[in-house]
Every structure is written in structure tokens, then in C-alpha cells.
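Open the model in your viewer and keep the selection panel handy. We will go from stop to stop, picking a few residues each time and looking at what is around them.

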Amino acid sequence: MGVLNSLKQTINFYMAHFVFVDYLAVMWVLLVFLVVLFLVIIMMIKRPLLASFILIANIFFVVFGLIYTHKLIDENLRKRELIVDKITQLNFSDTLIADLNLTNLSKKPFKYCRIKLNFNHEENNKIKHFIKSAKPFRTQTHTIEEPIDVNQTKTIRLIINDFRPINYTTKVSSECF
């Protein structure tokens with residue numbers, strides 16, 4: 001149930017914050033998928049092996065197409081810079097303080113931003129590091145619901161309680177609309 005709830009929250013988040021260009025990109029990918037699917041159905045009679053291969057490639061196209069179009073729109077239309085200024089572990093408390101700077105580099109102001117701070121166990125083995133990076137042991141999310149104007153830098157301070165790991169790496173990401 002945790003995976004389904006996470007997927008539901010992600011879909012609701014994007015549905016609430018997507019703009020026309022995002023919907024247009026999703027519709028384009030789905031339209032290409034449906035056209036190729038129609039051609040696969042027609043090809044299934046004369047060349048079933050080739051049609052099966054094209055169907056599998058079409059499914060991969062949808063997944064990677066949705067991810068790539070979102071990334072392309074995000075990097076070009078909603079350009080921003082997120083810098084970790086300082087991360088401080090308090091000595092006498094299990095509290096971590098992260099200072100971040102978010103700068104709007106796009107041509108329009110942001111109305112809503114979501115910042116994620118992921119903490120992963122540090123591993124020397126590259127395979128274990130890749131596996132551990134896929135599932136962080138702690139995630140801190142912060143939302144900014146006030147406008148950030150063009151070329152404005154917003155300073156964010158995240159306070160994370162009950163946190164004192166030894167070896168960890170920090171990955172920070174943001175999504176702004």
C-alpha cells in the first residue's frame with residue numbers, strides 16, 4: 001500500500017501544479033504511443049514477432065518519454081539553481097540544520113516550490129552505493145508557497161530533528177511551478 005499511496009501523492013502533486021506546456025508534453029507522448037499501438041495491432045496479423053518487438057519498444061518509449069519531456073521542460077522553462085550553503089550537525093542534540101539557497105533563473109516567477117533533501121548511507125562499493133542511493137534512509141521535504149520572483153534568491157533553513165548518522169551523503173533536489 002505504501003507504493004500506491006506514494007504514486008497517488010505524486011500524481012496529485014503534478015495534477016495540481018502542471019501548466020499547459022506540461023499537459024501538452026504528456027498528451028504528445030500518449031498520442032505517439034496510441035498511434036504506434038494502432039500500427040502494432042495492424043502488423044500483428046502479418047508480422048507478429050516484429051509487432052511484439054515494436055510494442056515492447058513503445059512501452060519503453062512512454063516511460064522514458066514522460067520522464068524526458070518533464071526533465072526537458074523543467075530544465076528549460078523552470079530553470080533554477082539550488083545550492084547547499086551549509087549543513088551543520090549540532091553537537092549536543094540530534095538535530096541537523098541545512099541552509100539552502102534557491103535562485104529563480106527562469107523568465108517567470110515561481111508560485112510553488114518543493115525541495116527534497118535525501119540522506120543516503122555512504123558505501124565504498126559502487127554497486128552497493130547505487131542500490132543505497134535509490135532508497136534514502138531519510139527524506140526531508142519542504143514546500144515554499146510564496147512567490148519567488150525572477151532572479152530572486154530564497155534562503156531556506158531546514159531543521160531535521162532526531163538525526164545523527166555517521167556516514168551519509170546528501171542529495172538535494174527541487175521542483176518549482
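**Stop 1: a strand and its two partners**

Begin with strand β3 and strand β6 (residues 168–176): nine bridges join the two, and they run antiparallel. Keep in mind as you look that this is a predicted model. To find your place in the pairing, pick Lys116, whose bridge partner in β6 is Ser173.

Now add strand β4 (residues 138–144), which is also antiparallel to β3 and joined to β3 by seven bridges. Here a handy marker is Asn118, which stands opposite Thr139 of β4. Colour β3, residues 113–121, by accessibility and you will find it mostly covered, with seven of its nine residues buried.

**Stop 2: the disulfide**

Which cysteines are joined by a disulfide? Select Cys113 and Cys176, with 2.2 Å from S to S. A search of the whole structure finds one disulfide. Cys113 sits in β3 and Cys176 in β6, so the link ties together parts of the chain that are 63 residues apart in sequence. Turn the view to look along the S-S bond: the angle about it is 120°, and the link is right-handed. Both Cys113 and Cys176 are buried.

**Stop 3: the nonpolar cores**

Stay with Cys113, since it belongs to the next selection too: the largest nonpolar core, of 17 residues, in which Leu102, Cys113, Ile115, Ile144 and Ile156 have the most contacts. Strands β2, β3 and β5 each supply at least two residues of this core. Such a cluster fits a general pattern: in soluble globular proteins, nonpolar side chains tend to be buried together.

Centre on Ile156 and show its surroundings. Beyond its neighbours within four places in sequence, Ile156 is in contact with Ala98, Asp99, Leu100, Leu102, Ile115, His142 and Ile144. Then move to a second, separate core of five residues, among them Tyr14, Phe18, Tyr112 and Phe177.

**Stop 4: salt bridges**

Seven salt bridges turn up in a search of the whole structure. Try Asp99 first, which you have just met as a contact of Ile156. Its side chain meets that of Arg157 in a salt bridge, 2.8 Å from N to O. The pair links distant parts of the chain, 58 residues apart, with Asp99 in strand β2 (residues 95–104) and Arg157 in strand β5 (residues 153–161). Are the two partners buried or exposed? Asp99 is buried, at 9% relative accessible area, whereas Arg157 counts as exposed at 52%.

Next, select Asp22 and Arg78, a salt bridge whose closest N and O atoms are 2.9 Å apart. Asp22 belongs to helix α2 (residues 20–43) and Arg78 to the loop between α3 and β1, 56 residues apart. Both Asp22 and Arg78 are buried. Add Asp74 and Arg80 to the selection, and you have a network of salt bridges linking these two residues with Asp22 and Arg78.

**Stop 5: helix α3**

Asp74 leads to the last stop, as one of the buried residues of α3; the others are Ala51, Asn58, Val62, Gly65, Thr69 and Ile73. Look for what covers these buried residues, which includes α2, β1 and β6. Finally, put a distance line between the end C-alpha atoms of α3: they are 40 Å apart, which agrees with the 42 Å that its 29 residues should span at 1.5 Å a residue.

Key:
Residues numbered from 1 in each chain as written. Predicted model: local features only at pLDDT ≥ 70, side-chain atom pairs only at ≥ 80, totals over all residues. Heavy atoms only, no water. Buried < 20%, exposed > 50% of the residue type's maximum accessible area, 1.4 Å probe, protein only. Helix = DSSP H or I, 4+ residues; strand = E, 2+ residues; numbered from the N terminus. Pairing = 2+ DSSP bridges. Salt bridge = Lys/Arg side-chain N within 4 Å of Asp/Glu carboxyl O. Expected span 1.5 Å × (residues − 1). Contact = heavy atoms within 4.5 Å. Core = buried A, V, L, I, M, F, W, Y, C linked by side-chain atoms within 4.5 Å. Disulfide = S-S within 2.5 Å.
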